[in-house]
Amino acid sequence: ASTVHSNKSQSVGACRATRRPRCHQCSMVPLPVALLSLAVLLSFLLVSGILGVQITSLDVPAEVRNGSGPAVLDCEYSLRQSELAPDSGLVVKWFWNNSPAPVYQWIPGQRPQDLGVLKGRLDLRYRASEHPATMHRALYINTPTPKLSGEYKCAVSTFWDEDFMIKRMIVYAPEKRFAVMHSRADFQTVNISCNARGVYPEPKIFLYIVAENKTKMLVPGVEVETTARSGEYDIQAVVLLPDAGLDTPTVFLCQLRIPETSYSNTKTITYYP
C-alpha cells in the first residue's frame, strides 16, 4: 500500500511541477459519480436481462394475526429474454424452515403443486400476474395458523442460472383469556397477579405501578412463570407487596407482549387500602 501511495505522490508531484493545463494521471472520478455510474450500469443489466434470474422483491408479511384471513407471499423476479422461452427450464419453488423438500413448486405450463406442510392450504388458482413466466410465483395461504410460522425461502431457477431469497413470517395468536387481580395474602401482605392463556408465540409479561402523573414504574420482585401446552403458552406474573407501602389507592397495570410482532395488550386494576 505504501508503494502505491508513494508512486501516486510522485506522479502528482511531477504533474504539478510541469504545470500542464491538465493532468489526466492526477484527475480522479469523484466517488458519488462512480457509485451513480455503477448503479446505472447494474440497473441497465437488470432491466435488459443480462444478469439472468434475479429475485427483485420478496414480499412476505412479517406478522399475521391468527384467524385474520388469507396471506399472500409474493416472489418477484426478472429473467433473460432467452429464459422466457418454454424450454428454459424455469422452476419456482418455495421452502419452509430450511426443509430440503419444497412446500410449493410451479413449472410454467404445468399445474402448481402444494406439498408438505402447505398441502391443502393453498389456493392454487391464484395468479400474481398474467405473464406466463410469472403468474403462479406466489403463495396464497387460505388460512394461516401459528403452525405455519417460520422462514420462507423462494428459489427461482433455469437451466442457466438460479437465485433465492428468505424472509420470516410469524402467525401469532392473541390470548384467549387475560386477567389482573389482587388479594390479601395475610393482614400485612397484598398479592398482585396477572395471567394470560392461549398465546403464541411465547409471550412476555410486565407489571407496573401507574403514578398520578401517568408514568409507569416496573414493580420489583415479580415472579414470572410460563407454561407450554398444545402449541400455545400460558403466562403468569405474581408479586407479594407489603400493605404498609400501599397507603393510598394504587393502580397496577399488566402488559402482555408477543415478541417479533407489534401486538400488545394491557389491563389495569386499582388496589384500595
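Colleague: Are C75 and C154 buried or exposed?
Modeller: This is a predicted model, in which local features need a pLDDT (the predictor's confidence in each residue, from 0 to 100) of at least 70 and side-chain atom pairs count only at pLDDT 80 or more, while totals for chains, interfaces and linings use all residues. Residues are numbered from 1 along each chain as its sequence is written, and side-chain values use heavy atoms, with hydrogens and water left out. Taking buried as under 20% relative accessible area, exposed as over 50% and partly exposed as in between, with a 1.4 Å probe and protein chains only, both C75 and C154 are buried.

Colleague: What is the mean pLDDT of the chain, and over which residues is the pLDDT below 50?
Modeller: The chain has a mean pLDDT of 84, and 81% of its residues reach 70 or more. One stretch below 50 has eight contacts (heavy atoms within 4.5 Å) in the model beyond near neighbours in sequence, namely residues 1–27. Another stretch below 50 has ten contacts counted beyond near neighbours in sequence, namely residues 40–49.

Colleague: Which strands hold C75 and C154?
Modeller: The sulfur atoms of C75 and C154 are 2.0 Å apart, which fits the definition of a disulfide as a pair of cysteine sulfur atoms within 2.5 Å. The pair links distant parts of the chain, 79 residues apart, with C75 in strand 3 (residues 71–78) and C154 in strand 8 (residues 150–157); strands (E, at least two residues) and helices (H or I, at least four) are DSSP runs numbered from the N terminus. The strands asked for are therefore, on that DSSP numbering, strand 3 and strand 8.

Colleague: What is the relative accessible area of C254, which is joined to C194?
Modeller: A disulfide joins C194 to C254, with 1.9 Å from S to S, and this pair links strand 11 (residues 189–199) with strand 16 (residues 250–257), its cysteines lying 60 residues apart. The link is left-handed, with -85° about the S-S bond. C194 counts as buried because its relative accessibility is 0%, and C254 is buried with a relative accessible area of 0%.

Colleague: Which side chain of opposite charge is nearest to E175?
Modeller: E175 lies in the loop between strand 9 (162–172) and strand 10 (177–184), and its side chain makes polar contacts with the side chains of Y263 at 2.9 Å and N265 at 2.7 Å. A polar contact is a pair of N or O atoms within 3.5 Å, where within protein one must be able to donate a hydrogen and the other to accept it, and residues adjacent in sequence count only if both atoms are side-chain atoms. E175 is buried yet has no salt bridge, that is, no side-chain nitrogen of Lys or Arg within 4 Å of a carboxyl oxygen of Asp or Glu. With Lys and Arg counted as positive, Asp and Glu as negative, and His and the chain ends not counted, the nearest side chain of opposite charge, 7.0 Å away, is R65.

Colleague: What is the omega of the cis peptide bond that joins Y200 and P201?
Modeller: P201 is found in the loop between strand 11 and strand 12 (204–210). The peptide bond joining Y200 and P201 is cis, with an omega of about -5°.

Colleague: What is the phi of K214, which is not a glycine?
Modeller: K214 has its place in the loop between strand 12 and strand 13 (216–218), and counts as exposed because its relative accessible area is 67%. Its phi is positive, at about 75°.
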